[in-house]
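Student: I would like a close look at a single part of this structure, taken slowly and with its surroundings. Could you choose one strand and walk me through what lies around it?

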Amino acid sequence: MSTTSSTPPTPSKSVTARALSVLGAFSALTPKLNLSQISRATGLPVATVFRLAGELEEGGFLQRDGSNFYSLGIKLWEMGLLTPVHGRLREIAMPFLLNLQYRTRETVQLAVLDGLDAVYVEKLTSEVGVPIQSRIGSRIPLHATAVGQVLLAYADSSLIDQVVDSPLTKYTDETITSKRALLRELSNVRDRGYAYSASEYLDGAVAIAAPVFVNGKIEAATGVVNYDNRADIEECYSSLLEACTGFSARLEELKKSGQSY
């Protein structure tokens, strides 16, 4: 006698989910991919990727070069400009970031929290080349970067617990990889009002970062970074604090007046 399983088969991904997984395969570290690479990244058959990539290319969501490598298309760029973080928040921040970069002559960053990562939403660079890991749109670890530690230090306790209880990836010899050490560093950040990081994510990168609050809740983190082991980076703190204070005040004004950002 034949028997049947009482457990229903797992439904396959919808077309929308498969298309989104194709788009999600691209990142700041992998901005160009061929069909085989997309297939490996998504777990989808090459034939499926070929069909979806063709449709996404036709709609302007992907573009393909002469070597049959795909990258994100102009349609996504246009849509990205409509997001609050990419658009209004960056627009409001820009005068403060420009002044900070002028005064410090260093690379200036603006980052926000997204899930268990920090995301760079703006970066004004000095004359020194910027590593690809720290370009706009890059996701960076909360435990190993100055802006990440600021965002984490002032986050909800449940998020802090989730991060510190997770494996802490080691990027350099200076990366904090123990729960106790990270909790101690987050406490230091709250005590002094800013984070300091030296070669924790990228060798040679030293940074300080401070919070941008809106009515007592952290909205973003602003950082000053040098990629050549600058020993006195903390001397930039007064300029950083002035920028964050001004940015916070402007955001609070907009919120009080009922305007969105």
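Tutor: Let us take strand E7, keeping in mind throughout that this is a predicted model. The protein has 9 helices and 8 strands, and buried residues account for 44% of its 261 residues. Among the contacts between residues at least 6 apart in sequence, 55% join residues at least 24 apart.

Strand E7 covers residues 206-214, and because 8 of its 9 residues are buried, the strand is largely enclosed by the rest of the structure. Its setting is an open sheet of 6 strands, ordered E5-E4-E3-E8-E7-E6, in which the pairing is antiparallel. The edges of this sheet are formed by strand E5 (139-141) and E6, each of which pairs on one side only. On average, and with direction ignored, neighbouring strands of the sheet are turned by 35° against each other.

On one side, E7 is paired with strand E6 (residues 195-198) in the antiparallel sense, over 4 bridges. Within this pairing, alanine 198 is placed opposite valine 206 of E7, and tyrosine 196 is placed opposite isoleucine 208 of E7. Helix H6 also belongs to this picture, since the helix packs on the sheet and touches strand E3 (107-114), strand E4 (117-124), E5, E6, E7 and E8, with a direction that makes about 160° with that of E8.

Strand E8 (residues 217-226) is also a partner of E7, again in the antiparallel sense, and here the pairing runs over 9 bridges. The two strands form a hairpin with 2 residues between them, and in that hairpin asparagine 215 takes a positive phi near 50°. As a general point, most residues other than glycine have a negative phi. Asparagine 215, which is not a glycine, therefore has a phi of the less usual sign. This asparagine lies in the loop between E7 and E8, and it counts as exposed because its relative accessibility is 55%, where over 50% is required. A positive phi also appears at asparagine 229, where the value is near 55°; this residue has its place in the loop between E8 and H9.

At the beginning of E7, valine 206 stands opposite asparagine 226 of E8, and this asparagine deserves a closer look. Asparagine 226 is buried, because its relative accessible area of 11% is under the 20% limit. Its side chain makes a polar contact of 3.1 Å with the side chain of glutamate 106, while a polar atom of the asparagine 226 side chain also lies 3.1 Å from the backbone nitrogen of arginine 230. Leaving out residues up to four places away in sequence, asparagine 226 touches Glu106, Gly204, Ala205, Val206 and Ile233.

Arginine 230 appears again in the surroundings of threonine 104, a residue of helix H5 (residues 85-104): apart from its neighbours within four places in sequence, threonine 104 is in contact with Val224, Arg230, Cys236 and Ser239. Threonine 104 is buried, with a relative accessible area of 10%, and its side chain reaches the backbone oxygen of leucine 100 at 2.9 Å.

Turning to the helices that accompany the sheet, helix H9 (residues 237-256) lies across E3, E7 and E8, and runs at about 25° to E7. Helix H6 (residues 146-153), already met on the sheet, has a further partner in helix H8 (residues 179-192): their axes come within 9 Å and cross at roughly 85°. That crossing makes H6 roughly perpendicular to H8. The contact between these helices involves Gln149, Val150, Leu152 and Ala153 of H6, together with Leu182, Glu185, Leu186, Val189 and Arg190 of H8. Sorted by class, this contact has 6 nonpolar, 1 polar and 2 charged residues.

To return to the strand itself, E7 is thus a largely enclosed element, since 8 of its 9 residues are buried. E7 is paired with E6 over 4 bridges and with E8 over 9 bridges, while H6 touches E7 as part of its packing on the sheet and H9 lies across E7 together with E3 and E8.

Notes
Residues are numbered from 1 along each chain as its sequence is written. This is a predicted model: local features need pLDDT of at least 70, side-chain atom pairs count only at pLDDT 80 or more; totals for chains, interfaces and linings use all residues. Side-chain values use heavy atoms; hydrogens and water are left out. Buried means under 20% relative accessible area, exposed over 50%, partly exposed in between (1.4 Å probe, protein chains only). Two strands pair if DSSP finds at least two bridges between them. Axes are lines fitted to C-alpha atoms, for helices over the stretch in contact, and angles run from 0 to 180 degrees between N-to-C directions. Angles under 35 degrees count as roughly parallel, over 145 as roughly antiparallel, 65 to 115 as roughly perpendicular and the rest as oblique. Contact means heavy atoms within 4.5 Å. Ala, Val, Leu, Ile, Met, Phe, Trp, Tyr, Cys and Pro count as nonpolar, Asp, Glu, Lys and Arg as charged, and the others, Gly among them, as polar. A polar contact is a pair of N or O atoms within 3.5 Å; within protein, one must be able to donate a hydrogen and the other to accept it, and residues adjacent in sequence count only if both atoms are side-chain atoms.
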